[in-house]
Amino acid sequence: VHNIGNPLTPPFSSLVALSDIWIITMRLEPAAASDYFGLIKKLMMLEKHPSEVFIVFNHTKDLERGFEIYQKILKDSEEFDTDILPVFLGVVPGDPLRQAHSVSQGIPLRMLFSECGVSGAVSFMGDRITRSLQKL
């Protein structure tokens, strides 16, 4: 959902509405929780939405801080009575040197550096999403 523009305007609205899962990526910033709810408020205006949304914190190594923000989002979700459950998927560590090399080569970072933290995080998240989809 992140970086696709306004999720309520074409062509993004169709893409989002047809998705079985939503993954929101955020950076660890002070406004992360309010940004999440601003987006969820828009997404709930769609006719169809999943019962849960995955949250990923991008470009960070601070798993603890990411989980703290997730806990705040979870607590606030109960207060706002949304029918979308936020699920903490994890963090993707920042790796600017490898990322720059990957971009310059035109090859996904995960393929160039299978042993790096980004690759491990993405593999873990992919497995977890696959398990969630099998429940549908």
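## Exercises on a predicted model

Seven bridges join strands E2 and E3, which run parallel. Two strands count as paired if DSSP finds at least two bridges between them. Helices (H or I, at least four residues) and strands (E, at least two) are DSSP runs, numbered from the N terminus.

This is a predicted model: local features need pLDDT of at least 70, side-chain atom pairs count only at pLDDT 80 or more, and totals for chains, interfaces and linings use all residues. Residues are numbered from 1 along each chain as its sequence is written, and side-chain values use heavy atoms, with hydrogens and water left out.

### Exercise 1. The strands

Task: find which residue stands opposite Glu52, and trace how the chain crosses from E2 to E3.

Solution.
- Start at Glu52. Its opposite residue is Leu85 in E3.
- Follow the chain. It leaves E2, passes through H3 and reaches E3 in a right-handed β-α-β crossover. Right-handed means that, with the strands pointing away from the viewer, the path from the first strand over the helix to the second runs clockwise.
- Turn to E1. Five bridges join E1 to E2, and these strands run parallel. Ile24 stands opposite Ile55 in E2.
- Add the helix. E1, H2 and E2 make a right-handed β-α-β unit.

### Exercise 2. The cores

Task: state which residues touch the most other members of the largest nonpolar core, and which element gives the largest share.

Solution.
- Define the core. A nonpolar core is a set of buried Ala, Val, Leu, Ile, Met, Phe, Trp, Tyr and Cys residues joined through side-chain atoms within 4.5 Å. Buried means under 20% relative accessible area, exposed over 50%, partly exposed in between (1.4 Å probe, protein chains only).
- Pick the members. The largest core has 22 residues, and Met26, Tyr36, Phe57 and Ile73 touch the most other members.
- List the elements. Two or more residues come from each of E1 (22-26), H2 (32-43), E2 (52-58), H3 (63-80) and E3 (85-92).
- Find the largest share. H2 gives seven residues.
- Inspect Ile73. Leaving out residues up to four places away in sequence, Ile73 touches Met26, Ala33, Tyr36, Phe37, Ile55 and Pro86. Contact means heavy atoms within 4.5 Å.
- Look for another core. A second, separate one has 12 residues, including Phe54, Leu89, Cys116 and Ile129.
- Check E2. Five of its seven residues are buried, so E2 is largely enclosed by the rest of the structure.

### Exercise 3. Two loop residues

Task: decide whether Asp95 is buried or exposed, and say where His59 lies.

Solution.
- Place Asp95. It is found in the loop between E3 and helix H4 (96-105).
- Read its area. At 19% relative accessible area, Asp95 is buried.
- Place His59. It lies in the loop between E2 and H3, and is partly exposed at 32%.
- Note the backbone. Phi of His59 is near 60 degrees, a positive value in a residue other than glycine. Most residues other than glycine have a negative phi.

### Exercise 4. The rings

Task: classify the ring pairs that Phe67 forms with Tyr70 and with Phe88.

Solution.
- Set the rule. Rings of Phe, Tyr and Trp (its six-membered ring) pair if their centres lie within 6.5 Å; planes under 30 degrees apart count as stacked, over 60 as edge-to-face and the rest as tilted.
- Take Phe67 and Tyr70. At 5.7 Å centre to centre and 40 degrees between the planes, the pair is tilted.
- Take Phe67 and Phe88. At 5.3 Å centre to centre and 75 degrees between the planes, the pair is edge-to-face.
- Join them. Ring pairs link Phe57, Phe67, Tyr70 and Phe88 into a cluster.
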